[in-house]
Amino acid sequence: MEINNVKGTHDIFGGEASAYSQVEAIMKNIAELFAFMEVRPPVIEHSEVFVRGVGESSDVVRKEMYTFLDKGNRSLTLRPEFTAGIIRLMVQNKLLITNELPLKVYYDGPVFRYERPQLGRYRQFNQFGVEAVGNNSPLCDLEVILLAYTILTSLGLENVTIKINNLGDENSRVAYRQALRDYFKDLLPKMCPDCQSRYELNPLRILDCKVPEDQKLVKDAPKLSAYLSEASKKRFETITSYLTSLGIPFELDDNLVRGLDYYSETVFEFHYTSGKGNDYGAIGGGGRYDKLVKEFGGPELSGIGFSFGIERVVSILRDDEIIPSDIPGVDLAFYVIPVGEKAQFTAHAIATNIRLLGYSADVCFDDIKLAAMFKRADKKGAKYAIIIGEEEINNHKVIIKNLATKEQIEVDQEDFENKIVELMEEHSHDCSCGCHDDHGDCGCECHDDHEECDCCEGEDCDCDCHDGEECSCGCHEEKK
Ligand code: HAM
């Protein structure tokens, strides 16, 4: 009997897996350019981490957690998000006891929510995110939003809508919660059961209700902006003025409350409708949290962060063909073709040498016709085929064929390694990122930068790039 994957999960393989890796690599590189350090928290935590961290009134905690008792009768939960676990990690490992705050970290991995699967919504999905903890300056909010924006533009997503709102400080929200309770008190019997429990637990959550009838009632509810303290208003204005000065487009959205309970002050979300008209929901979101560190027994420090949903980001990049639909699962440099059974061991030895030189190589395992082996090489997207038969073995030769130009050369076995290096260097002449070699529109930005850069010609460049480190022209960063 065939056993299928669990509902709401999805298998990622081949070119799609490459697309995920490319996207994650760009996100990680940019986070590191902003001096964020990688952390890898466990996938399972004590359920308490999320109940206390994410909050009992959130849908995530009320309905969506994968919670189970382990064999020692402990209640454990597969993480439904990263932030609460990251703060637990920081406090437990005393990472916040340092003179240099904010502590800036990034993370990447699977998260689990028992939601109704639909377009862009899974039960297991991947998030990439960052947290900057221990600094309350509006400049810290700016840095985090700027990082998210830089990631999105580097991925080639220029027209992302950034929605931003101010949830105010704790005092502002106490007054606002009361105003909402007063407003919804008489309407409550007409509202959905979820809103009825939200009314008690956290009436702000009612603003996030997706039931159309309830949304109509939400329209005339009091606005948070009327309850914000002067300090909070001023802080938010500073952030929006910074964003404006840096030319980062944003929309103020006073209905944006976010689905997790820990937020205060700045909250934001990234939205994008793909060229195919698919709206996968928010591709990312985040905000500031003031009480989370204290909740986990740490000092009174606030933090800010965001997470992107990798599935949604990859889907729009593929819809808009920013990531081509036909990228190969493996970026293969050489496909070694043994002609005849006797050449098979030598073919494997050749592939091993190539791999030790740092280039990818695969060997045809089947004893099939030459034409069929070339077809396989093309299908795999290999740049070169290496042909070795009995005759070549006897003459100490190897044939190398460029699969794009169809040019074929014969080299002596003792010159083979040098030739391989020479060919691969020619291939990556302009850039060592590996992208140029075949699919020009890989989204890595190298191409654009290289085109504008005179360095590689070597003539009218006075930047010393070729020597390596001391270049200020920006090319090298891009090349990495
Ligand atoms: P979130 O808005 O719950 O925030 O999730 C972040 C992103 O994960 C969403 O914008 C969306 O792209 C993706 N996502 C959420 N649910 C699903 C799903 N069921 N299937 C596919 N993708 C999904 C957080 O998780 C916060 N921890 C973000 C944060 C970090 N706030 C402060 N720091």
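**Around the ligand, then out to the helices**

Start at the ligand, which has 27 residues around it, the closest being E81, E115, Y122, Y263 and A282. Keep in mind as you look around that this is a predicted model.

What is the shell made of? By residue type, it divides into 10 nonpolar, 10 polar and seven charged residues. As for where these residues come from, strand 6 (124–133), strand 10 (284–289) and strand 11 (303–309) each supply at least two of them. Which strand gives the most? That would be strand 10, with five residues.

Now zoom in on the nitrogen atoms of the ligand. A polar atom in the side chain of E115, already met among the closest residues, sits 2.7 Å from a ligand nitrogen. E131 also has a side-chain N or O atom placed 2.9 Å from a nitrogen of the ligand. For R312, the distance from a side-chain N or O atom to a ligand nitrogen is 3.5 Å. How much of the ligand does the protein bury? On its own the ligand would expose 660 Å², and 96% of that is buried by the protein.

Next, step back to the helices. A packed pair of helices is described by two numbers, the angle between the axes and the distance between them. Take helix 1 (residues 14–33) and helix 5 (residues 138–154) to begin with: their axes come within 10 Å and cross at roughly 140 degrees. Angles over 145 degrees would count as roughly antiparallel, so this pair, helix 1 and helix 5, is oblique instead. The crossing of helix 1 and helix 5 is right-handed.

Helix 5 also packs with helix 9 (residues 230–245), at an angle of about 40 degrees and with the axes 9 Å apart. Roughly parallel would need an angle under 35 degrees, so helix 5 and helix 9 are oblique to each other too. Here again, for helix 5 and helix 9, the crossing is right-handed.

Finally, a couple of backbone details are worth a look. Most peptide bonds are trans, and most residues other than glycine have a negative phi. Where does the chain depart from that? The bond from L101 to P102 is cis, with omega near 10 degrees. You'll find P102 in the loop that links helix 4 (83–92) and strand 5 (103–112). The other spot is A35, which is not a glycine yet has a positive phi of about 65 degrees. Look for A35 in the loop between helix 1 and strand 1 (37–38).

Conventions. Residues are numbered from 1 along each chain as its sequence is written. This is a predicted model: local features need pLDDT of at least 70, side-chain atom pairs count only at pLDDT 80 or more; totals for chains, interfaces and linings use all residues. Side-chain values use heavy atoms; hydrogens and water are left out. A residue is near a molecule or strand if one of its heavy atoms lies within 4 Å of it. A polar contact is a pair of N or O atoms within 3.5 Å; within protein, one must be able to donate a hydrogen and the other to accept it, and residues adjacent in sequence count only if both atoms are side-chain atoms. Accessible areas come from the Shrake-Rupley method with a 1.4 Å probe; for residues, only the protein chains shown count as cover. Helices (H or I, at least four residues) and strands (E, at least two) are DSSP runs, numbered from the N terminus. Ala, Val, Leu, Ile, Met, Phe, Trp, Tyr, Cys and Pro count as nonpolar, Asp, Glu, Lys and Arg as charged, and the others, Gly among them, as polar. Axes are lines fitted to C-alpha atoms, for helices over the stretch in contact, and angles run from 0 to 180 degrees between N-to-C directions. Angles under 35 degrees count as roughly parallel, over 145 as roughly antiparallel, 65 to 115 as roughly perpendicular and the rest as oblique. A crossing is left-handed if the near helix is turned anticlockwise from the far one by less than a right angle, and right-handed if clockwise.
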